[in-house]
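Here is a note for a colleague who will look over the model. The points follow below, numbered for reference.

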Amino acid sequence: MVEIGDHNGQESELEPVPVNPRKASLIQQSEPITNGHSNGLTNGTANGTSNGTSNGNEAKGKELVALPKCHCVKGTEKCSYHESKRQLPTREALIPEMTSAYRSLLSSLGENPDREGLLKTPERAAKAMLYFTKGYDQSLEEILNDAIFDENHDEMVVVKDIEMFSMCEHHLVPFYGKVSIGYLPSGKVLGLSKLARIVEVYSRRLQVQERLTKQIAVAVLKAVQPTGVAVVVEGSHMCMVMRGVQKINSKTVTSTMLGEFRDNQKTREEFLKLALHH
């Protein structure tokens, strides 16, 4: 098992968000969700309300936790690249430009892009790449769709073997595998299908498995403020299978443990037993 730390070592523009001080220490253990774009994640439920207690004392004793929006820059300065991209056209409008780029790529490989088998390949490839990276168009708030419910349940919830497909940001080739998620509710539970949707949002981007694992965990943390979150991802990487060392049976396992799962060995072992037992 590999516990994930902050691999990119970068910070970015900060947005103060109010949180319940009971959970502040847990949130500070986690790395904020970043994906190279400025569509940062806000704390709270999907309807935009801030986290707090349910007895009307939300404003009392709250702290501010900074949530970086982009990992392209260090410090608190704005990301000039993504600031300049705020007015991007719709992704479908990018198809002609991407088609032209794929056509040039085929020519560079020595192929004839006008032969029958390749005539429509550039456009197909452009549409496929947009689908592979459709997570950039989605946010946590959108996919949760108010599927957060008050429930007096504090026992472990585990959804295991969620299929995952992603694209390695280093070589632009796929990696795929399974994700298992566990959390300890603290007065709120998340619709089970939403855990799978969280995986889909963050896997459908250019990724590394280490960051993907942490992003999924932090998304669950932000959604329902549990007392602990655990995520294990097992992936096969085509960059190790089709090229380089060409080890076809190798698998990469990454994990992120937050809150009770990090602090309590028995809780962690219970989750791993449930998640990894087949």
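**Notes on the predicted model**

1. At 45% relative accessibility, lysine 127 counts as partly exposed. The structure is a predicted model, so this value, like the others here, is computed from predicted coordinates. Lysine 127 makes a salt bridge with glutamate 123, with 3.2 Å between the closest N and O atoms. Both residues belong to helix α4 and sit 4 residues apart, about one turn of the helix. Residues three or four places apart point the same way, because an α-helix has 3.6 residues a turn. Glutamate 123 is also partly exposed, at 35% relative accessible area.

2. The structure has 9 salt bridges. One of them joins arginine 103 to aspartate 114, where the closest N and O atoms are 2.7 Å apart. Arginine 103 is in helix α3 (residues 95–108) and aspartate 114 is in the loop between α3 and α4 (121–132), so the bridge ties together parts 11 residues apart in sequence. Arginine 103 is partly exposed at 33% relative accessibility, and aspartate 114 is partly exposed at 46%.

3. Glutamate 200 and arginine 204 meet through their side chains in a salt bridge of 3.0 Å, N to O. With a relative accessible area of 11%, arginine 204 is buried, because buried means under 20%. Glutamate 200, at 25%, is partly exposed. The pair is not isolated: Lys134, Glu200 and Arg204 are linked in a network of salt bridges.

4. Helix α6 has 12 residues. From first C-alpha to last it reaches 18 Å, close to the 16 Å expected at 1.5 Å a residue. Which residues of α6 are buried? They are Lys194, Leu195, Ile198, Val199, Val201, Tyr202 and Ser203. A lysine and a serine are thus listed beside the nonpolar residues, and a reviewer may wish to look at Lys194 and Ser203 in the display. The buried residues of α6 pack against α5, β4, β5, β6, β7 (206–207) and α7.

5. The largest nonpolar core contains 33 residues, and the members that touch the most others are Val179, Ile181, Tyr183 and Ile198. At least two residues of this core come from each of α5 (140–144), β4 (157–168), β5 (174–184), β6 (188–190), α6 (192–203), α7 (209–224) and β8 (228–237). Helix α7 gives the largest share, 8 residues. Ile198 also appears among the buried residues of α6.

6. There is a second core, separate from the one above, with 9 residues. Among them are Leu184, Ala230, Phe261 and Ala275.

7. How are the strands ordered in the open sheet? Its 5 strands run in the order β7-β4-β5-β8-β9, with mixed pairing. Strands β7 and β9 (252–259) are the edges, and each pairs on one side only. Strands of a sheet pair through backbone hydrogen bonds, either parallel or antiparallel.

8. At the β7 edge, β4 and β7 pair in the parallel sense over 2 bridges. Cysteine 168 has glutamine 207, in β7, as its bridge partner.

Terms used: Residues numbered from 1 in each chain as written. Predicted model: local features only at pLDDT ≥ 70, side-chain atom pairs only at ≥ 80, totals over all residues. Heavy atoms only, no water. Core = buried A, V, L, I, M, F, W, Y, C linked by side-chain atoms within 4.5 Å. Buried < 20%, exposed > 50% of the residue type's maximum accessible area, 1.4 Å probe, protein only. Salt bridge = Lys/Arg side-chain N within 4 Å of Asp/Glu carboxyl O. Expected span 1.5 Å × (residues − 1). Contact = heavy atoms within 4.5 Å. Pairing = 2+ DSSP bridges.
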